[in-house]
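Dear colleague,

Here is the structure for you to look at. My notes follow below it.

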There are 2 protein chains.
Amino acid sequence: MSGDVSEEPKPRRRQARGERRIAQLLQAAARVFCASGYTATSTNAIAREASVSPGTLYQYFPNKEAIAIELGERLLNEMREAHGQAFTPENLALPLPEMLDVVVDPLIAFNCENPVFLALMHGSEVPGRIAEEHDALHAGLLASVQEVIGHYAPGLSAADRARIANMTFAIFKGGLGLVLAAPEGPERDATVAELKAVLLRYLCPLAGTPVTTPPPR
Amino acid sequence: MSGDVSEEPKPRRRQARGERRIAQLLQAAARVFCASGYTATSTNAIAREASVSPGTLYQYFPNKEAIAIELGERLLNEMREAHGQAFTPENLALPLPEMLDVVVDPLIAFNCENPVFLALMHGSEVPGRIAEEHDALHAGLLASVQEVIGHYAPGLSAADRARIANMTFAIFKGGLGLVLAAPEGPERDATVAELKAVLLRYLCPLAGTPVTTPPPR
DNA sequence: GGCAAACACGAGTGATCACTCGCGTTTTTC
DNA sequence: GAAAAACGCGAGTGATCACTCGTGTTTGCC
């Protein structure tokens, strides 16, 4: 009612120590979420993983959901920052194989370094707020993919373009799981290459280009 | 110790009513697992969905895990029965597009009719026993896919064949999610067709056949 | 140095969940 | 038709979990 405290109910001043604790707690939460999933993870387990008391955890987060939300938001920002430049106009003009490299590689790298991301964004067990964020991200990426597809195949109907973009994204998600499951090293690299081959062969006909890739290996 | 009760600790005689209750409980469990996931589903919620008291539920299942296991086992049997004939030698000799129809369609149909299957087999939240079953199923399907691939491209190394089979399966799983998300009807059919197109274009080069499919639509 | 605010703790609290128990009802068996 | 066995119930029980609170410690500021 009084116009002063408009929308900061918590004008809490954080000390450097507090910021460190938050980062430490989020790291611990990432590990535990990753290992057990959101629902099966207890807040006490997160606190224990962070070598901190439950009370300390609740000094920085109002509830369990808020931990996942903050973690998700930070990952989302990090991802947008690291990957935002992939869908630039100049990259959009690249020939298909190179464009695949430019778009796929950073996405793969991000998910390899942050396996929590998939765990949080994937399960139907996550609270509503995270699901919303995920939907927004998904819609954004899908729009980008549609734009690219529209650039390579201008004659497509909107429905066809949407379906192809969805399928492209689904293939990527499926392949991403495989890549993460593969042991780091040459095997993972080969899996990534295979995934790109799939996408290339699927999308090549759109551009009217015949498939010129030889059988793998 | 006494040699008589060798390995039936429960020589329980079931009446017809009991069998009906079990089926009813499993159906209810399927709906609730599907909606909320395994961990977030309470046994009381299953009983309520089945219009039955919690005590009645525990007359037929020793614990929550057993419900998921029984459900998973029944689905697995149903699936093997309905789909076991897909990988027959005569189907294996079919040209690629027809063989894709024969293998993909029943798998899609099964998952459309039993969406719980994916929900149970997918989450890392499920208890160990289901995960084992899933691994076994996965390994079996993968072996079948490898066999098919070996038939189409005999010259491949074992590692390459394994990688391609894995990728094929991953593509299918990703596409399956899309298909289930699409509203039943022409849109779903189009998505299925698109998924087959992906697989066809990916696997065609293995057979040395050039891709002859025109751009979709 | 002294005061206030932020930080840290961990036993405690209420809610929820998986699961049990005692008792009443229906079905099978002889 | 009566004993036995299977079925059905729902309040109750112990464990676990998300979250709190009272108290003590550290940090920033004058």
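The notes cover the contact between the two protein chains, then the DNA.

Please keep in mind that this is a predicted model.

Chain A and chain B

In the interface, 27 residues of chain B are in contact with 27 residues of chain A. The two chains bury about 2700 Å² between them, with 69% of that on carbon and sulfur atoms. On the chain B side, Arg163(B), Met167(B) and Arg201(B) lose the most area to chain A, together 21% of what that side buries.

The rule finds two salt bridges across this interface. Glu194(B) forms a salt bridge with Arg163(A), and their closest N and O atoms are 3.8 Å apart. There are also four residue pairs in polar contact between the chains. Helix H9 (158–181) and helix H10 (186–203) of chain B each give two or more residues to the side that touches chain A; H9(B) gives the most, with ten residues. By class, that side of chain B has 15 nonpolar, six polar and six charged residues.

DNA strand C

DNA strand C is surrounded by 24 residues, and Thr56(A), Gln59(A), Tyr60(A), Thr43(B) and Lys64(B) are the closest. Of the strand's atoms that come within 4 Å of the protein, 75% belong to sugar and phosphate.

A side-chain N or O atom of Tyr60(A) is 2.8 Å from a phosphate oxygen of the strand. Thr43(B) places a backbone N or O atom 2.8 Å from a phosphate oxygen. Gln59(A) has a polar side-chain atom 3.5 Å from a base nitrogen. H3(A) gives the most to the surface near the strand, with four residues. That surface has three nonpolar, 13 polar and eight charged residues.

Regards

Terms used:
Residues numbered from 1 in each chain as written. Chains lettered and ligands numbered in written order. Predicted model: local features only at pLDDT ≥ 70, side-chain atom pairs only at ≥ 80, totals over all residues. Heavy atoms only, no water. Contact = heavy atoms within 4.5 Å. Buried area = accessible area lost by both parts, 1.4 Å probe. Salt bridge = Lys/Arg side-chain N within 4 Å of Asp/Glu carboxyl O. Polar contact = N/O pair within 3.5 Å; in protein donor to acceptor, adjacent residues only side chain to side chain. Nonpolar A, V, L, I, M, F, W, Y, C, P; charged D, E, K, R; others polar. Near = heavy atom within 4 Å.
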